[in-house]
Amino acid sequence: MSSDEVLVACADAALTFGRGPQAVVAVHGTDLEIRAGDRLAVIGPSGSGKSSLLHLIAGLEQPTSGTVTRASSLGRYRLGLVFQGDSLIPALDVAENTALPLVLADHPEAEARQRALAALALVDVGDLADRLPEEISGGQAQRVAVARVLAQAPRLILADEPTGRLDHATGARVLDSLLTAADHSGAALVVTTHDPAVATRLTVRRTMRNGRLLAPEEES
Ligand code: ADP
Ligand code: MG
């Protein structure tokens, strides 16, 4: 498989919420290709359309106009999402949370657990496997969320402000986890953030402002 395979292509893809005078254009017509191996930061202030763009890429929202095309190699389970905070199920321990998507995808439980434990170890939270979410910190929970994606052998990891509620040092460790997960699985990685320090950790940075993804030469 070529390393520059296009995983997701947005062609003039736009997303509008509501109709008529109440309509909000969250994303104006956007062209964007995400290729295997990409490390892309989408940086912009709150309300600039970062989450909306990520939802279009993920297929959580359908474009109001234009198209978003995903490679068939992404399949149903090889696109991993990491959101800002609170994504673990309180009644399940860390290993069970991490294995859950695999169990739901009909992998044998023993195999799912083994993959979960390996993913947790890879992002340095293997010692938390038996804890409940309430027994770990917010930064640790985010790394568990990254491990949960990693265990699914993702080809594309989308992280929406994964460090949004964390201090800089903790956020940096979550970024380490995301980069480790992407490198280990050979996945492309897209991270939205309003924090320039986070964005500098990615190879390519694109600015979003008022629903527009600025061209690289417009970056300031
Ligand atoms: P960001 O993630 O950069 O903070 P969002 O993508 O969440 O930006 O929001 C972009 C714009 O779309 C904002 O004006 C927001 O109020 C609006 N918006 C987002 N989601 C919805 C929704 N479900 N319904 C209506 N408006 C929305
Ligand atoms: Mg957002």
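Colleague: How far does a backbone N or O atom of S48 lie from an oxygen atom of ligand 1?

Modeller: This is a predicted model, in which local features need pLDDT of at least 70 and side-chain atom pairs count only at pLDDT 80 or more, whereas totals for chains, interfaces and linings use all residues. Residues are numbered from 1 along each chain as its sequence is written, chains are lettered from A and ligands numbered from 1 in the order written, and side-chain values use heavy atoms, without hydrogens or water. For ligand 1, a polar contact is a pair of N or O atoms within 3.5 Å, and the distance for S48 is 3.2 Å.

Colleague: What share of the accessible area of ligand 1 does the protein cover?

Modeller: Besides S48, polar side-chain atoms approach oxygen atoms of ligand 1 from K50, at 2.8 Å, and from S52, at 2.6 Å. Of the 560 Å² of accessible area (Shrake-Rupley method, 1.4 Å probe) that ligand 1 has on its own, the protein covers 58%.

Colleague: Which element gives the most to the shell around ligand 1?

Modeller: The shell, meaning residues with a heavy atom within 4 Å, includes F17, V24, A26 and P45, and by class it has four nonpolar, six polar and one charged residues, with Gly counted as polar. Helices (DSSP runs of H or I, at least four residues) and strands (runs of E, at least two) are numbered from the N terminus, and strand 2 (24-35) and helix 1 (50-58) each supply at least two shell residues. The most, three residues, come from helix 1.

Colleague: Is L15 buried or exposed?

Modeller: L15 lies in strand 1 (residues 6-17), and its contacts (heavy atoms within 4.5 Å) beyond four places in sequence include V24, A26, S52 and Q62. Q62 is 47 residues away in sequence, yet its C-alpha is 7.6 Å from that of L15. Buried means under 20% relative accessible area, exposed over 50% and partly exposed in between, with a 1.4 Å probe and protein chains only. Because its relative accessibility is 3%, L15 counts as buried.

Colleague: Which helices do the buried residues of helix 2 pack against?

Modeller: In helix 2 (residues 94-104), the buried residues are V94, A95, N97, T98, A99, P101 and L102. The N-terminal end is capped by D93, with a side-chain oxygen 3.1 Å from the backbone nitrogen of A95, and just after the helix D106 takes a positive phi of about 75 degrees. The packing partners of those buried residues are helix 3 (109-122) and helix 4 (138-150).

Definitions and conventions:
A polar contact is a pair of N or O atoms within 3.5 Å; within protein, one must be able to donate a hydrogen and the other to accept it, and residues adjacent in sequence count only if both atoms are side-chain atoms.
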